[in-house]
Amino acid sequence: MPEELAIGLDIGGTKMAFAIADRQGRIYAERTLPTKNSAAVEEFFDSLGNFLNAYIDGNAAICGIGIGVPGPVDSQRGLALQAANLGWERIPLRAALAARLSRRLPIFVDNDVNCGAIGEREFGCAGSVAHFVYLAVGTGLGGAVMIDNRLLRGASHSEMEIGHVSLDPVNGLPCACGMRGCLEMTVSGKGIVVQAHHQLINYPDSRLRQGEITVREIIKAAETGDSLASHVMREAGTALGIACAWCVNLFNPRLIVLAGGISQAAYPLLEAPLQRELNARSLPINRTAASIQLAKLKNAALGASALVWHHRHQEE
């Protein structure tokens, strides 16, 4: 057993991933638990504190806790500012959990996409890269930027909301944020499904007309050459390439890390249009400096645990 271990928690709207890992990213325990987002906040933290204490009391090597949550986070104060799918507004996550632990431990809280980027920096493909962009293509589209080994932070703790940059603010599909044509409405799980429904009338021979349209079915259909599915995935790759080009020109990164379930499952379908748009829309001096890699981490809780080691490094 190593001298030091960190707990990682990734708290989502329906489930919570838990892991205990060392500073090399080796996982010693992991679980997935339901998130009872209908429960009162106090009840949620009571239950979470009891769960964590069972591990903390039995393992003196645990030296810190990292927590990832969706939405904007004030990481300095440990506040979850707006986690809509949890029904949270300005929840003092760090203080609430610290009050329930059986012994005092440092607790670090951050946005879940930032945790993913830090996880790749500590354990994944960005280990030796000081400047990189992290794009998470999953249910939605989020991003993080690391410059000189430090995360880019915004004035209202809501930086790098690249999914809500609009490609077509006039004629684009409406987004839940209130705008039209957001990137997220083309390149994300929900966007890909919405686009397939929207285009269905133009592809009467598509196999997608025969049942429920899901991301998985769209990807499978595109892999077999279905015209509608291929069109939707080509558009997703195009939008992702535009996003990558913006990031290359804005941040001049050495690396773009593509994370999230859509990137992992569908990269062969996305790659050609992505590269075409990236080449067409970015400055050559910036484009040649940047490479693209798929994220290595598959466990969101491992990324959260990396917060502990990341903050250690910042202090050293």
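Helices here are DSSP runs of H or I with at least four residues, and strands are runs of E with at least two, both numbered from the N terminus. Please keep in mind that the model shown in these views is predicted.

**View 1. The second largest pocket and the helices that line it.** The volume of this pocket is about 290 Å³. Its lining is made up of 18 residues, and L167, D168, T186, Q195 and E235 are the ones that lie nearest the centre. Two helices, α4 (189-199) and α6 (227-251), each supply at least two residues of the lining. Which helix gives the most to the lining of the second largest pocket? That is α6, with six residues. If you sort the lining by class, you will find seven nonpolar, nine polar and two charged residues.

**View 2. An open sheet of five strands, in the order β3-β2-β1-β4-β8.** The pairing in this sheet is mixed. At its edges are β3 (27-34) and β8 (107-111), each of which pairs on one side only. On average, and with direction ignored, neighbouring strands here are turned by 15° against each other. For a look at one pair, take β2 (residues 15-21) and β3: they run antiparallel and are joined by seven bridges. Within this pair, F18 has R31 of β3 as its bridge partner.

**View 3. Helices α1 and α3 with the strands of View 2.** Helix α1 (residues 41-56) packs on the sheet, where it touches β1 (5-11), β2, β3 and β4 (62-69). The direction of α1 makes about 25° with that of β2. Helix α3 (residues 112-123), for its part, lies across β1, β4 and β8. Relative to β8, α3 runs at about 110°.

**View 4. The hairpin of β6 and β7.** Strands β6 (residues 79-83) and β7 (residues 88-91) run antiparallel, with three bridges joining them. Look for A83, which stands opposite W88 in β7. Four residues sit between the two strands, and in this hairpin G87 takes a positive phi near 70°.

**View 5. Another open sheet of five strands, in the order β11-β10-β9-β12-β13.** Here, too, the pairing is mixed. The edge strands are β11 (150-151) and β13 (291-294), each pairing on one side only. Is the pairing of β12 (residues 255-259) with β13 parallel or antiparallel? These two strands pair in the parallel sense, over four bridges. One residue to pick out is L258, whose bridge partner in β13 is L294. Helix α6, already met at the pocket of View 1, packs on this sheet and touches β9 (132-137), β10 (141-147) and β12. Its direction makes about 160° with that of β9.

**View 6. A salt bridge between E4 and R312.** Side chains of opposite charge can pair when their charged atoms come close. In this structure there are 12 salt bridges, and one of them is formed by the side chains of E4 and R312, at 2.8 Å from N to O. E4 lies in the segment before β1, whereas R312 belongs to helix α9 (residues 300-315), so this pair ties together parts that are 308 residues apart in sequence.

Definitions and conventions: Residues are numbered from 1 along each chain as its sequence is written. This is a predicted model: local features need pLDDT of at least 70, side-chain atom pairs count only at pLDDT 80 or more; totals for chains, interfaces and linings use all residues. Side-chain values use heavy atoms; hydrogens and water are left out. On a 1 Å grid over the protein atoms alone, a cavity is a set of points where a 1.4 Å probe fits but cannot get out, and a pocket is an open set with protein on both sides within 12 Å along at least five of seven lines; lining residues have an atom within 4 Å of a point. Grid points are joined across faces, edges and corners, and a volume is the space filled by probe spheres set on the points. Ala, Val, Leu, Ile, Met, Phe, Trp, Tyr, Cys and Pro count as nonpolar, Asp, Glu, Lys and Arg as charged, and the others, Gly among them, as polar. Two strands pair if DSSP finds at least two bridges between them. Axes are lines fitted to C-alpha atoms, for helices over the stretch in contact, and angles run from 0 to 180 degrees between N-to-C directions. Contact means heavy atoms within 4.5 Å. A salt bridge is a side-chain nitrogen of Lys or Arg within 4 Å of a carboxyl oxygen of Asp or Glu.
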